[in-house]
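Here are a few exercises to work through with the model open beside you. Try each task before you read its solution.

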Amino acid sequence: MAQYRPRKKLRIRDATAAPSAAAAASDTLLSLPPEILDDILGRLDLCDAVRTSALSRAWRRRWESLPSLDIVIPDGQQALWTVDCVLPRCSGRVRRFQAILDDDFSARRLDDWLLVFSRHGGVEDLNLLRNYNRFFPLHSTVFSWRRLVSLDLFTCHIPLLPPDFEGFPDLKVLSLCNVKLHQNGEYQLEEIIETSPLLEELVLSEVCIGGDDLIEWEIRAPNLRHITICSNVDYGWNFAQLPCLHSAVIELREYVGDRDFSKFLSGLFQVMKLKLTTFYAPVNGVSILETLPCTFVNLKSLELSMHFSELPPILFMFCLLRKTPNLEKLKILIYDGEEQKIEADEEFLNAQWTDGMCANLQVVKLARTNWLPNELSFMKLILSKARLLRSLAVSHHDECSVSHKDPLNELLKCRRASAQAQVLFQGSAGDY
């Protein structure tokens, strides 16, 4: 006969027992002032803000009443459906919206989202990216967003400005990369920039404007601190009223046409840092640029992409060096200079030197050298002329067929104007 075992008495939890640690923590948070709670939740992205619903019953709908929130959409359909479910439940506005549009569905849904944002006055930070080279159309409602602070667009068609466009009074960052504008879009860009009085950073990279006519226009931005222009085509850009400009990146590949290149560069005279890529080769009878009408008094750091194989880029480099009396750092990235077409020996380069040139130059870097005679002559010239030089750093091209031993020995034996000058070999450009 089986032995009888008495059942254990069930313990019934007292309803007045202490709540769980998670519930206690959530109740403690809820005791904070509403504005502090809003600030805490407002620092979370959309997914994390919604997850706070699991803290307790009191938190279940807390995120829906936030005055503002951020939405970041990575790749994937699930994220798109999440936004569709969440947006109708938000009573506040979206402060930041960042989306990667990876297919036609997400591009179609974009218009609906932007219209929802418009009903709340738009967003402050809009960042739209297309994963591949299929352009999506931007809805014109964006031009009505008066509180926009940052606008970053990649691979899109930009519509015409509406007749009632009043500008972006709070815009500080405008980045347009691989975008297309309608014919005479130069005027549209000019108006957008001019009606953004607080603009501090401007990026125009691979902007495509319809039409064949060259239209010169001006970038007017009194508070602009940094500008980037990257283009294979000259779209008539000029600079005006840029008193606060601190740095510029200009990548023009080949400068096109008969325009006054010196006038273009003179608009950057106040910068402290300049990165310039232009394989300057005058066409249509335009003479080689040998002087500039202004002096870059503030310029301390200059980075050039050029080669020493032809005469125009060499003379253009000296043209710049003569107009940068306070230059301290010079970096030259040698591009496509494997075959030397002209000889610019030490005697020729010495003739280009003028009194006061590179008087404050301290650091020089040459990357991707092929150890051509013209390149070596320039390095010797710098060593023999720059009185404050501290270092000359050199790296050669990854596929350079010339040994670095003999050229380096020549540099080490070269007369130096500065007793502190060091010659540093940094291997291939891949390790530079």
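**Exercise 1. Find out which residues of helix H6 are buried, and what they pack against.**

Step 1. Start with the residues: Gly185, Glu186, Gln188, Leu189, Glu190, Ile192 and Ile193 are buried in H6. Buried here means under 20% relative accessible area, exposed means over 50%, and partly exposed lies in between (1.4 Å probe, protein chains only).

Step 2. Put that into proportion. Since 7 of the 10 residues of helix H6 (residues 185–194) are buried, the helix is largely enclosed by the rest of the structure. Helices (H or I, at least four residues) and strands (E, at least two) are DSSP runs, numbered from the N terminus.

Step 3. Now look at the surroundings. The buried residues of H6 pack against strands E7 (173–177), E8 (180–181), E9 (201–205), E10 (208–209) and E11 (217–220). Contact means heavy atoms within 4.5 Å.

A word on the source: this is a predicted model, in which local features need pLDDT of at least 70 and side-chain atom pairs count only at pLDDT 80 or more, while totals for chains, interfaces and linings use all residues. Residues are numbered from 1 along each chain as its sequence is written, and side-chain values use heavy atoms, with hydrogens and water left out.

**Exercise 2. Trace the salt bridges of Arg220.**

Step 1. Apply the rule: a side-chain nitrogen of Lys or Arg must lie within 4 Å of a carboxyl oxygen of Asp or Glu. By this rule the count comes to 11 salt bridges.

Step 2. Glu194 pairs with Arg220, with the closest N and O atoms 3.4 Å apart. This pair links distant parts of the chain, Glu194 being in helix H6 and Arg220 in strand E11, 26 residues apart.

Step 3. Arg220 also meets the side chain of Glu218 in a salt bridge (2.9 Å, N to O).

Step 4. Check the exposure of each partner. Glu194 is partly exposed at 45% relative accessibility, Arg220 is partly exposed at 22%, and Glu218 is partly exposed at 30%.

**Exercise 3. Compare the burial of the two partners in the salt bridge between Glu346 and Lys380.**

Step 1. Locate the pair. The closest N and O atoms of Glu346 and Lys380 are 3.6 Å apart. The bridge links distant parts of the chain: Glu346 belongs to helix H9 (residues 346–352) and Lys380 to helix H10 (residues 373–385), 34 residues apart.

Step 2. Read off the values. Glu346 is partly exposed, with a relative accessible area of 42%, whereas Lys380 counts as buried at 14%.

Step 3. Return to the earlier pairs: salt bridges that share partners join Glu190, Glu194, Glu218 and Arg220 into one network.

**Exercise 4. Place Pro222 and list its contacts beyond its neighbours within four places in sequence.**

Step 1. Pro222 sits in the loop between E11 and strand E12 (226–230), and is partly exposed, with a relative accessible area of 39%.

Step 2. Leaving aside neighbours within four places in sequence, Pro222 is in contact with Pro197, Gln241, Pro243 and Cys244.

Step 3. Take one of these partners: Gln241 is 19 residues from Pro222 in sequence, yet their C-alpha atoms are 5.7 Å apart in space.

**Exercise 5. How many helices and strands does the protein have?**

Step 1. The protein has 11 helices and 20 strands.

Step 2. For the wider picture, 46% of its 432 residues count as buried.
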